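Here is a friendly walk through one protein chain, with a look at its packing and its pockets. Have the sequence and the 3D view at hand as you read.

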Amino acid sequence: MMKRAAAAEAALQSLQHDVATLLQARQFLLDQPTDDEALHQFRVSIRRLRSGLRPIQRWLTGDEVAVALGVLKQLAQASNPLRDHEVQARLVHELLLPVWQPAHADWFANKSAEQAAARRALLLSLAEPAVAVQIGKLGEAAGAALVAHARQVKPAVRRQRRQLCKRVLKVARRPAWALRHSDRWHALRLDCKRLRYLLEGYQRAAGSGWAAEGAAAKRAQDVLGRLHDLVLFREQLARSDLPLLALSPMLQRLEQALEGEARQGIKTLRRALQA
């Protein structure tokens, strides 16, 4: 009983920290709207809070809570295009500049305009005073749920972990050729991300021994993310009708190198989860 009460208390402290961090990240991004680090911290804080809520979401009831959960999801979705545009801008400077041609300028200008529009849309959403109120209400409801279901917190977290591990291992056990499809890489990356933040957020609440799993999930997530970004970049370039003869071999070599790194990361993660 004492262990489960301690687990619930640790989970409550972690959740309160995640709510406060998200509110701070929101204000930081509003104060520094063009700061890439501010955007990154905002996205990370949303991921952490959403991952922390998943094991207890069935206890979060009522119309107000549903609205708050919807706001959190909308903010996450609104920040995704911005992140994609920023990754593409980085890849343009790393890969396109060495083979730059006049045709690239118009394409990059269009991408920059899309990025600016996505940033304005996100900032308009964040500036609504109701956003901070909804995040605060969500934190209060989650805290009340953790107190009311204190004895069930640890089993709920472990159940969520088992489900995510099962999904990750189902894909990770597939032969290498089955992972050639970018949608499978992407699905695995998302589950690695969910597993990582769950383990990091609830490690104190659910017991030790998850550090190796969390570290392996983070490494796999990172390399799968870089591979996913490169595949999307290549696909966008292919649809653009830009002259890419000089770039195609370079992209192919980079993608092959990342695939090899991703397979090694998946093997490490598989071993960690099966230990």
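Two residues are in contact when they have heavy atoms within 4.5 Å of each other. With that in mind, start at Leu269 in this predicted model: leaving aside residues up to four places away in sequence, Leu269 touches Val168, Cys192, Glu213, Ala216, Ala217 and Ala220.

Leu269 is one of the buried residues of helix α9, and others include Leu258, Ala262, Gly265, Ile266 and Leu273. Residues three or four places apart in an α-helix point the same way, because there are 3.6 residues a turn. Helix α9 covers residues 248-274 and reaches 39 Å from its first C-alpha to its last, close to the 39 Å expected.

Leu269 also belongs to the largest nonpolar core, which has 75 residues; together with Leu29, Phe42, Leu53, Ile56 and Phe233, Leu269 touches the most other members. Helix α3 (residues 63-96) gives this core its largest share, 12 residues.

Now for the open spaces. The table sets out the two largest pockets.

| Pocket | Volume | Lining residues | Largest share of lining |
|---|---|---|---|
| Largest | about 1,000 Å³ | 35 residues | α2, 10 residues |
| Second largest | about 210 Å³ | 17 residues | α1, seven residues |

Closest to the centre of the largest pocket are Arg43, Arg47, Arg83, Arg189 and Lys193. Its lining holds 18 charged residues, along with nine polar and eight nonpolar ones.

In the second largest pocket, Ser14, His17, Asp18, Arg48 and Gly201 lie nearest the centre. Here the lining divides into eight polar, five nonpolar and four charged residues, and α1, α2 and α7 each supply at least two of them.

How values were computed
Residues numbered from 1 in each chain as written. Predicted model: local features only at pLDDT ≥ 70, side-chain atom pairs only at ≥ 80, totals over all residues. Heavy atoms only, no water. Helix = DSSP H or I, 4+ residues; strand = E, 2+ residues; numbered from the N terminus. Expected span 1.5 Å × (residues − 1). Buried < 20%, exposed > 50% of the residue type's maximum accessible area, 1.4 Å probe, protein only. Core = buried A, V, L, I, M, F, W, Y, C linked by side-chain atoms within 4.5 Å. 1 Å grid on protein atoms, 1.4 Å probe; cavity = no way out; pocket = protein on both sides within 12 Å on 5 of 7 lines; lining within 4 Å. Points joined across faces, edges and corners; volume = space filled by probe spheres on them. Nonpolar A, V, L, I, M, F, W, Y, C, P; charged D, E, K, R; others polar.
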